[in-house]
Each structure stands twice: as C-alpha cells, then as structure tokens.
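Biologist: Before we discuss the packing of the helices, I should like to see the model itself. Please show the sequence and the structure.

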Amino acid sequence: MSAALATFKADLIELLPSLRAFARSLAHNPAQADDLVQDTLVKALANVDRFEPGTNLRAWLFTILRNHYYSQLRKSKREVEDADGKFAARLSSRPEQDGSVDLEDFKVAFAQLAPDHREVLTLVGASGCSYEEAANICGCAVGTIKSRVNRARKRLADLLGLDEEIDALPVGGRNLEDTANV
Amino acid sequence: MARKDEMETLVSKTPPSEGPKANKGASAASKALITRNLRLAFGEVASEPVPDRFLDILGRIEDAEGKKQ
C-alpha cells in the first residue's frame, strides 16, 4: 500500500467516530445511521483517487454522507413518517431552575428539528466545524449557515421551553422607542 | 431611502446590551446550554466502539490496491 493511501486509511479510521455521530444526528435511528456510514465508506473508497491528499478529509467525508442521506430521503420520504412519530414524543421535564435540561429531553427536542437544522447544529455546534467548513459541506453560502444556525438554536430553545421568561415580558417592559416606529 | 436611514439610526442608538433579545434568537445562556448538550450527545455516539464491519470495509483498500498492481 502506498504511503498516501496508508495515511488516507489512518485518517479515515480516526474520523469514523465523528462520522458516525454526524450520521446519527441526521438519521435518528442507529441502524439507519450506520448504514449511511457504511455507504459513505464504500463511496469514499470507490472515489479515493478523487480525494486530494492534504485537503480536508473530514469535510470530504461529511459531504459524501450528507449527499447520500438527502438522496435517500428524496427516494424514501421515510423521514416524514419518522418526524410524525417523533412529534408524539413529549419532554419528560421542564428546564431546571439553573436553566439546565435533561440530555434525554434535549435529544427528543433535537429529533423534532428539520434535517437542515439538525445538520448545521451538529456541524457547527458539536463537531466543531467552522462556518466556512459547514458551508463547504452543505454546498451553500457562509451567511446561509449562520442564519440557519441561529434559527435552529431559536427553534430548539423554544422546543425546550428555554427563554420563556423573556418571551413573557409585557410589551410595556420594552423600550418604547423600539415599538413606536413599527 | 429615508426610511432605511431612520431605521439604521434607531438601531445604532440602541446600546447592544439594552436591545430586546426575544426576537433576535436564543439567549446567550440558551446558546451555551444548547452547545453543551450538542457536544454531550455527539460525544456519546463518538465514544461508542466502532463496529468491525467498518474496519472490514477499510481493509478493502489494500485489496483494491493489490489488484491494481
């Protein structure tokens, strides 16, 4: 095996845990997620000569995985059924006094997000991708990623019942200057 | 456009710390909490042992290379 190929393989093995975690955030179902990873690996190996050594292997793999996920989604529409099922799930508890939430509740709420929201939150929030890297993986502009992250966080905060005391502020409590011009 | 200028003046007059945050997105505390839980959930999966079948697939790299030569 060539040195370049040996490096490719070693790097790929190192990235497997985060590739699986990314797949899990998209697919929900662990078995479906691992099928995604398996298909991604097969595709990566089939196209290994298209990968330029020294460039970002993580972004390359994540891109293959997400493209595969969305093409399957278009074919099966299974996600719609999954989402319907997930909406029946209820959080078991309210946020704690200190504002913390139960991790299982967090996962329930996260699973209710749209795929593009789960995707950006996982890329930027969990796996530590830069906005540029996430934009590269999702094939869109950096500004799109930023606004999508903001909307996803807001939606998740709403689902978790966070920030409710702020929403509940009476209008009179706001700066009048801000509302006068609306 | 005069209207746009007015709005920009209004925005710049409001100190960042005083502007209502409710319609701007999640609060800073919520963002921190979300990021913490995202990392926990992601870390949970990432710390699981990698199934052998993935390593088996990677073993094919050598096989493919061997066939080319």
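Modeller: A definition comes first: axes are lines fitted to C-alpha atoms, for helices over the stretch in contact, and angles run from 0 to 180 degrees between N-to-C directions. Please also bear in mind that this is a predicted model.

Biologist: At roughly what angle do the axes of H8(A) and H2(B) cross?

Modeller: Helix H8 of chain A covers residues 142-159, and helix H2 of chain B covers residues 28-46. Their axes come within 10 Å. H8(A) and H2(B) count as roughly perpendicular, because angles of 65 to 115 degrees fall in that class. The axes of H8(A) and H2(B) cross at roughly 90°.

Biologist: Which residues of H2(B) make the contact with H8(A)?

Modeller: From H8(A), the contact takes A:Arg153, A:Leu156 and A:Ala157. By class, the contact of H8(A) with H2(B) has three nonpolar, one polar and two charged residues. The residues supplied by H2(B) are B:Ser30, B:Lys31 and B:Ile34.

Biologist: Does B:Ala26 count as buried or exposed?

Modeller: B:Ala26 is placed in the loop between helix H1 (2-13) and H2 of chain B. Leaving aside residues up to four places away in sequence, B:Ala26 touches A:Arg153, A:Lys154, A:Ala157, A:Leu162, A:Asp163, B:Lys31 and B:Ile34. The cut-off for burial is 20 or more other C-beta atoms within 10 Å. Because B:Ala26 has 24 C-beta neighbours inside 10 Å, the residue counts as buried.

Biologist: What distance separates the C-alpha atoms of B:Ala26 and B:Gly59?

Modeller: Along the chain, B:Ala26 and B:Gly59 are 33 residues apart. In space, the separation of their C-alpha atoms is 45 Å.

Biologist: What percentage of the residues of chain B count as buried?

Modeller: Chain B has three helices and zero strands, and its elements run α-α-α from the N terminus on. The chain comprises 69 residues. The part that counts as buried is 12%.

Biologist: What percentage of the residues of chain A count as buried?

Modeller: Chain A has ten helices and zero strands. Among its contacts with a separation of 6 or more, 61% are accounted for by residues 24 or more positions apart. Of the 182 residues of chain A, the part that counts as buried is 31%.

Biologist: Does A:Gly143 count as buried or exposed?

Modeller: A:Gly143 lies in helix H8 of chain A. The C-alpha atoms of A:Gly143 and A:Ile64 are separated by 22 Å, with the two positions 79 residues apart along the chain counted as their distance apart. The cut-off for exposure is 12 or fewer other C-beta atoms within 10 Å. Because A:Gly143 has 10 C-beta neighbours inside 10 Å, the residue counts as exposed.

Biologist: At about what angle do H1(A) and H2(A) pack?

Modeller: H1 of chain A covers residues 3-27 and H2 of chain A covers residues 30-46, with their axes 8 Å apart. The crossing of the two helices is right-handed, and H1(A) and H2(A) are oblique to each other. Their packing angle is about 135°.

Biologist: How many nonpolar, polar and charged residues make up the contact of H1(A) with H2(A)?

Modeller: H1(A) contributes A:Leu12, A:Leu19, A:Arg20, A:Ala23, A:Arg24 and A:Ala27. H2(A) contributes A:Pro30, A:Gln32, A:Ala33, A:Asp34, A:Leu36, A:Val37, A:Thr40 and A:Ala44. By class, these residues are nine nonpolar, two polar and three charged.

Biologist: Which residues of H2(B) make the contact with H1(A)?

Modeller: H1(A) and H2(B) pack at about 125°, with their axes 8 Å apart, and the crossing is right-handed. On the side of H1(A), the contact is made by A:Pro17, A:Ser18, A:Arg20, A:Ala21 and A:Arg24. The contact has five nonpolar, one polar and two charged residues. The residues from H2(B) are B:Phe42, B:Val45 and B:Ala46.

Biologist: Which helices each supply at least two residues of the side of domain 1 of chain A that touches domain 2?

Modeller: Chain A is divided into domain 1 (1-77) and domain 2 (89-170). Ten residues of domain 1 are in contact with nine residues of domain 2. On the domain 1 side, the residues divide into four nonpolar, five polar and one charged. The helices that each supply at least two of them are H1 and H3 (57-76) of chain A.

Notes
Residues are numbered from 1 along each chain as its sequence is written. Chains are lettered from A and ligands numbered from 1 in the order in which they are written. This is a predicted model: local features need pLDDT of at least 70, side-chain atom pairs count only at pLDDT 80 or more; totals for chains, interfaces and linings use all residues. Helices (H or I, at least four residues) and strands (E, at least two) are DSSP runs, numbered from the N terminus. Angles under 35 degrees count as roughly parallel, over 145 as roughly antiparallel, 65 to 115 as roughly perpendicular and the rest as oblique. A crossing is left-handed if the near helix is turned anticlockwise from the far one by less than a right angle, and right-handed if clockwise. Two residues are in contact if their C-beta atoms, placed from the backbone, lie within 7 Å. Ala, Val, Leu, Ile, Met, Phe, Trp, Tyr, Cys and Pro count as nonpolar, Asp, Glu, Lys and Arg as charged, and the others, Gly among them, as polar. Domain bounds come from an automatic or database domain assignment.
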